Amino acid sequence: MSQYPNKPVVLFLTSYPTRPCGIATFSKDLITAIHDKFSGNYELRVCALENSNHNNHVYPEEVIYQLNTNSPIDILKTGAKINNDPNIQLVCLQHEFGLWGGKYGNLLLDLLPLIKKPIITVFHTVLPNPNKEQKFIIKEIDIHSSKLLVMTKSSALLLAKDYGIISKKVHVIPHGTHHISWNGQNTLKRRYGYTDQIVLSTFGLLGPNKNIETTILALPDLIKSHPKIKFLILGQTHPEIIKNEGESYRSYLEKLVDKLALQNHVEFVNRYLSLKELLEYLKLTDIYIFSSKDPHQAVSGTFAYAMSCGCPVISTPIPHAMEELDKKSGRFFDFENPKSLIKTLTPLLKNRLKRKQMALHAYQKTRTTRWENIAIAYHDIFQMTVPTQNVNYRKPEINIDHILKLTDKFGMIQFSKITKPDPSSGYTLDDNARALIALIMYYKNSADHEVLSYISTYLDFIEYCQNEDGTFQNYVDYQKQFHKLNHYVNLEDSNGRAIWALGFVVANGAHLPKSIVEKADSCLKNTSPWLSKTSSPRAIAFVIKGLHAFYEIHPSEELKRLIAQLADKLIARFIATYGNNWTWFENSFTYANSILPEALILAYDITGRLIYRNIGISTMNFLISHIFLKEYIKVISNRGWLQRDNIQESHGEQPIDVSYTILSLKVFFQILNIEHYHILATRAFSWFLGNNQIRQVMYDPLTGGCYDGLETNNVNLNEGAESSVCFLMARLTMEELNSVPYKLNINSIKKSKVT
């Protein structure tokens with residue numbers, strides 16, 4: 001075993017692949033997710049549980065011990081090994097009665113007193129109405145555990161009601177699900193040979209409790225009106241059943257298929273499927289059938305995976321299904337009742353649109369249970385038990401796939417439905433200006449010459465929107481016509497963003513083709529008649545950002561005076577509202593707040609005027625005091641914003657505000673050389689990674705896109721241009737920040753005062 005680099009080791013006591021077992025799969029997925037999310041915080045190791053000494057399972061390197069749960073001697077030896085390893089600081093134990101040796105897994109009770117490390121126990125099954133021995137075992141587990149985890153609310157209630165467990169010790173963390181793309185069902189059907197068929201499926205380690213015969217018995221009546229039904233039975237037989245009963249259950253099902261002449265409608269996929277293959281089968285499924293005959297089955301990974309793949313689910317009423325399914329995502333049928341299944345399935349077989357609506361709802365509903373979010377939930381529990389000094393969220397790889405997907409030959413499309421661009425939403429100057437900045441940042445980072453054509457597209461769009469007087473229009477429909485909204489909406493802020501983008505192009509001219517730089521320079525010079533007339537605070541700030549960038553390449557006294565003139569307008573606004581514990585430019589916080597103090601720091605950088613520096617720092621500190629909590633950022637809610645002396649709304653956070661805050665903190669750090677701003681930028685970026693109010697990841701690791709908003713209990717799954725581009729800008733900004741060393745000998749920002 002390798003040495004641990006000063007990180008706490010969490011040891012999982014669990015079955016583990018290559019042992020075929022549902023809990024083994026669960027643990028592998030959980031460990032992978034925690035590692036991918038928090039690899040800098042923990043070392044994750046496994047004690048693999050076996051049921052004999054004669055297994056031939058080959059384990060990966062994270063497995064450091066193997067334990068025969070039917071051997072009291074092996075249990076004693078393993079307990080000693082765990083205690084003698086000083087690096088192990090926490091044990092995460094997976095529990096199901098059948099996983100441990102003895103009638104009810106009672107040999108586990110020999111191990112628990114031996115372990116002198118904190119234990120977190122995860123219950124995969126909580127039986128109602130336990131007998132005396134079952135209740136005793138659970139109570140003993142409770143005594144030796146710091147925390148108890150269950151996967152459903154009903155399981156938590158059972159622990160309190162039937163076992164007398166104190167509720168505050170129990171935490172509900174759902175079964176995790178994999179992140180898959182929403183679109184692509186028809187492509188998969190063609191690949192697997194199910195084009196034009198209505199695919200029903202079920203999966204899992206096969207055994208009598210799956211009650212698959214109920215679906216087979218229902219098929220003859222269903223096929224009469226829907227002859228293109230194909231029922232897929234996915235998965236091999238459970239190894240314990242093979243050991244005790246052989247393939248008798250599978251043989252029974254095969255004979256039943258033959259008897260009912262269903263050979264063309266039922267397909268057995270008799271093997272242990274790889275994760276990729278399994279998810280593809282589920283994704284091509286039109287309706288998933290969960291037919292368990294065990295009314296006490298607390299949770300099902302198969303059920304959860306099916307929903308996450310966008311399957312409408314028809315299920316028997318097990319507790320997990322009762323909690324998760326509603327009429328928008330599935331239906332129920334009676335245990336072991338083919339007629340009930342026929343009655344439930346028939347309306348859905350007739351209504352393809354309804355199936356698609358249910359599929360989308362199931363997909364959206366399981367968004368919170370994706371493994372990256374479950375990893376955050378487990379991390380939070382670990383932190384309660386074995387706190388670490390610094391929590392490091394692993395940054396995702398830079399991915400521009402969704403940005404490019406949103407872009408056609410004319411420009412960047414404004415909105416998307418989930419991940420699919422929505423051309424009817426048209427285009428905006430705002431999005432294309434930000435995209436121009438983001439792709440230049442990406443090009444500097446990657447030297448990927450293929451993106452130059454996209455940079456040209458965004459710049460051409462800005463030029464297309466410029467009027468003869470040098471101003472810009474913002475809204476363009478999909479037919480490339482200027483939208484009537486341009487006549488009713490104040491476009492100053494959009495015009496300011498265009499200046500920011502054009503100045504950014506010129507500032508980075510050394511990295512770009514000459515033709516691109518010359519076009520941006522020409523567009524920017526055409527704006528000179530109106531720049532000094534800008535009055536909106538954010539428009540002023542964006543203009544200053546653009547002019548500061550231009551000044552770095554083409555400094556002049558005239559430009560310096562213009563920047564000072566614009567900065568003075570911000571100072572005047574500040575003076576008009578400052579006082580009574582309110583250190584801001586307006587009587588409310590709205591959107592893109594951080595760019596106002598940022599603009600003053602940029603003006604200070606050009607002019608050297610201390611008033612810009614001091615008010616910039618004071619207003620930024622004031623903003624920071626409202627949006628940074630101890631552990632994460634909570635930007636101003638878009639539900640009415642934050643009015644002076646009012647209480648802030650808790651939800652309605654948008655990626656654009658987090659991104660702008662990060663960009664502004666970078667400017668403060670680079671110009672003022674104050675480490676604190678770098679630390680805050682890192683904390684702000686972790687908002688995208690799940691360090692936010694609802695502990696949900698805000699970016700899409702498959703596409704590189706970003707979700708449109710963080711709501712009360714969920715995220716908005718649409719990946720529009722604004723949010724996706726802003727996430728890319730934030731991610732690239734962190735890349736730039738991490739290449740700059742701290743300068744630790746600078747005075748604290750707390751010493752700066754308003755003058």
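**Exercise 1. The seven-stranded sheet**

Which residue is the bridge partner of Leu 93 in E5? Place this pair within its sheet in the predicted model.

*Solution.*
Step 1. The bridge partner of Leu 93 in E5 is Thr 121.

Step 2. The strands concerned are E4, residues 88-95, and E5, residues 119-123, which pair in the parallel sense over 5 bridges.

Step 3. Both strands belong to an open sheet of 7 strands with parallel pairing, in the order E3-E2-E1-E4-E5-E6-E7. At its edges stand E3 (63-68) and E7 (170-172); each has a single partner strand, so one side of each is left without a neighbour in the sheet. On average, neighbouring strands of this sheet are turned by 25° against each other, direction ignored.

**Exercise 2. Helices on the seven-stranded sheet**

State which strands helix H1 and helix H2 lie across, and give an angle for each helix.

*Solution.*
Step 1. Helix H1, residues 22-38, lies across E1 (9-14), E2 (43-50) and E4. Its direction is at about 165° to E1.

Step 2. Helix H2, residues 72-84, lies across E1, E2, E3 and E4. The angle between H2 and E3 is about 150°.

Step 3. Angles over 145 degrees count as roughly antiparallel, so H1 is roughly antiparallel to E1, and H2 is roughly antiparallel to E3.

**Exercise 3. The six-stranded sheet**

Describe the order, edges and one bridge pair of the sheet that contains E11 and E12.

*Solution.*
Step 1. The order of this open sheet of 6 strands is E10-E9-E8-E11-E12-E13, with parallel pairing.

Step 2. E10 (266-269) and E13 (330-332) are the edge strands, each pairing on one side only. Neighbouring strands are turned by 20° against each other on average, direction ignored.

Step 3. E11 (residues 287-290) and E12 (residues 313-315) run parallel and are joined by 3 bridges. Within E12, Ser 315 is the bridge partner of Phe 290.

Step 4. Helix H7 lies across E8, E9 (229-234), E10 and E11, and runs at about 170° to E9.

**Exercise 4. The packing of H6 and H10**

Characterise the contact between helix H6 and helix H10 by geometry and by residue class.

*Solution.*
Step 1. H6 (residues 185-192) packs with H10 (residues 275-283) at an angle of about 110°, and their axes are 9 Å apart. That angle makes the two helices roughly perpendicular.

Step 2. The crossing of H6 past H10 is left-handed.

Step 3. From H6, the residues in contact are Gln 185, Leu 188, Arg 191 and Tyr 192. They meet Lys 276, Glu 277, Glu 280, Tyr 281 and Lys 283 of H10.

Step 4. By class, this contact has 3 nonpolar, 1 polar and 5 charged residues.

**Exercise 5. Two asparagines with positive phi**

Are Asn 211 and Asn 673 buried or partly exposed? Give the phi and the loop of each residue as well.

*Solution.*
Step 1. Most residues other than glycine have a negative phi. Asn 211, although not a glycine, has a positive phi of about 55°, and Asn 673 has a positive phi of about 60°.

Step 2. Asn 211 is found in the loop between E8 (198-203) and H7 (213-225). Asn 673 is found in the loop between H26 (655-672) and H27 (675-685).

Step 3. The cut-off for buried is under 20% relative accessible area. Asn 211, at 1% relative accessibility, therefore counts as buried. Asn 673, at 23%, counts as partly exposed.

Conventions. Residues numbered from 1 in each chain as written. Predicted model: local features only at pLDDT ≥ 70, side-chain atom pairs only at ≥ 80, totals over all residues. Heavy atoms only, no water. Pairing = 2+ DSSP bridges. Helix = DSSP H or I, 4+ residues; strand = E, 2+ residues; numbered from the N terminus. Axes fitted to C-alpha atoms, helices over the stretch in contact; angles between N-to-C directions. Contact = heavy atoms within 4.5 Å. Parallel < 35°, antiparallel > 145°, perpendicular 65-115°, else oblique. Left-handed = near helix turned anticlockwise from the far one by under 90°. Nonpolar A, V, L, I, M, F, W, Y, C, P; charged D, E, K, R; others polar. Buried < 20%, exposed > 50% of the residue type's maximum accessible area, 1.4 Å probe, protein only.
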